[in-house]
Amino acid sequence: MLRFDTDSTVKNFIVLEGIDGSGTTTQLRRLSSLLERRGLPVMATAEPTSRPEGALVRRILKGELDADPGTVAYLFAADRNQHLYGAGGILAAAAAGKIVLCDRYSLSSLAYQGMTCGPELPRRLNGEFPAPGLTLFFRLAPEVAMARVAARDQLEIYEKLHIQKLVSAAYDEVVAEAAGRGWNIVTIDAEKPLEEVSARVDAALEEYLQRISMASP
Ligand code: TYD
């Protein structure tokens, strides 16, 4: 059963989540340089990773390789497991005192793979990974998000409006469920202009860093 494991919450682990085109990558880059400029130790990372496990997933997402939806769920979970527990991974960096910023984590699997292979398998595979200390959930209408994504060169298999509508609904459910189980999740209205979104993100981050006493002097 899904525990959304809050017993082992990693406090200096901050995750950004949202449908495709919600702006997580832009915000991750911005936050990373913001924290670095303040002299705080940061590791900025993303899932799928650039390791071989993640590269395999990316080939599937591009449509270059065919895979059963269950296989995709296992691959994302394997990539995440290595990303968390491997040498130089999330837990090692967090234990060394870094603030780990990660573009996507287990809620992505619950939302995306939950849609393609049903909720059971991704829940089973992800339920015992530790909870991040803070999750920023970028929420916006799938129509708006897809209009942003349409400008990109190569679209991945999930980047279609009817799929993003399902992923969006799934996100709303899994975010509510995780919050109900004690995850610290801040929902950001990602339809607002970039400056407003950024200001909201900065405020949420600042509040959290104060709480865990990592704000710079
Ligand atoms: P994305 O953050 O969009 O990467 P990029 O900006 O480099 O294209 O992530 C790629 C896709 O992977 C995105 O559509 C969401 C999907 N994904 C899952 O389906 N499950 C997962 O567990 C993760 C981490 C991502």
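Visitor: Hi! Which helices each supply at least two residues of the shell around the ligand?

Guide: Hello! In this predicted model, those are α2 (52–61), α3 (69–85) and α5 (106–117).

Visitor: And which one gives the largest share of that shell?

Guide: That would be α5, with 4 residues.

Visitor: How many residues surround the ligand altogether?

Guide: There are 15, and the closest are D20, R80, R104, S109 and Q113. Sorted by class, the shell has 5 nonpolar, 4 polar and 6 charged residues.

Visitor: Cool. What does the side chain of R80 do with the ligand's oxygen atoms?

Guide: An N or O atom in the R80 side chain is 2.8 Å from an oxygen atom of the ligand. R104 has a polar side-chain atom 2.8 Å from a ligand oxygen, and for R58 the distance from a side-chain N or O atom to an oxygen of the ligand is 3.1 Å.

Visitor: So how much of the ligand does the protein cover?

Guide: The protein covers 88% of the 550 Å² of accessible area that the ligand has on its own. The space that the ligand takes is the largest pocket.

Visitor: Changing topic: how many cavities of 30 Å³ or more are there?

Guide: The count comes to 1, and the largest cavity holds about 30 Å³ of space.

Visitor: Which residues line it?

Guide: The lining of the largest cavity is I19, F137, F138, R139, L140, S168 and Y171. Both β4 (132–139) and α8 (161–180) give two or more residues to that lining, and β4 gives the most, with 3.

Visitor: What classes are in that lining?

Guide: You'll find 5 nonpolar, 1 polar and 1 charged residues there.

Notes. Residues are numbered from 1 along each chain as its sequence is written. This is a predicted model: local features need pLDDT of at least 70, side-chain atom pairs count only at pLDDT 80 or more; totals for chains, interfaces and linings use all residues. Side-chain values use heavy atoms; hydrogens and water are left out. A residue is near a molecule or strand if one of its heavy atoms lies within 4 Å of it. A polar contact is a pair of N or O atoms within 3.5 Å; within protein, one must be able to donate a hydrogen and the other to accept it, and residues adjacent in sequence count only if both atoms are side-chain atoms. Accessible areas come from the Shrake-Rupley method with a 1.4 Å probe; for residues, only the protein chains shown count as cover. On a 1 Å grid over the protein atoms alone, a cavity is a set of points where a 1.4 Å probe fits but cannot get out, and a pocket is an open set with protein on both sides within 12 Å along at least five of seven lines; lining residues have an atom within 4 Å of a point. A molecule sits in a cavity or pocket if more than half of its atoms lie within 2 Å of its grid points. Ala, Val, Leu, Ile, Met, Phe, Trp, Tyr, Cys and Pro count as nonpolar, Asp, Glu, Lys and Arg as charged, and the others, Gly among them, as polar. Grid points are joined across faces, edges and corners, and a volume is the space filled by probe spheres set on the points.
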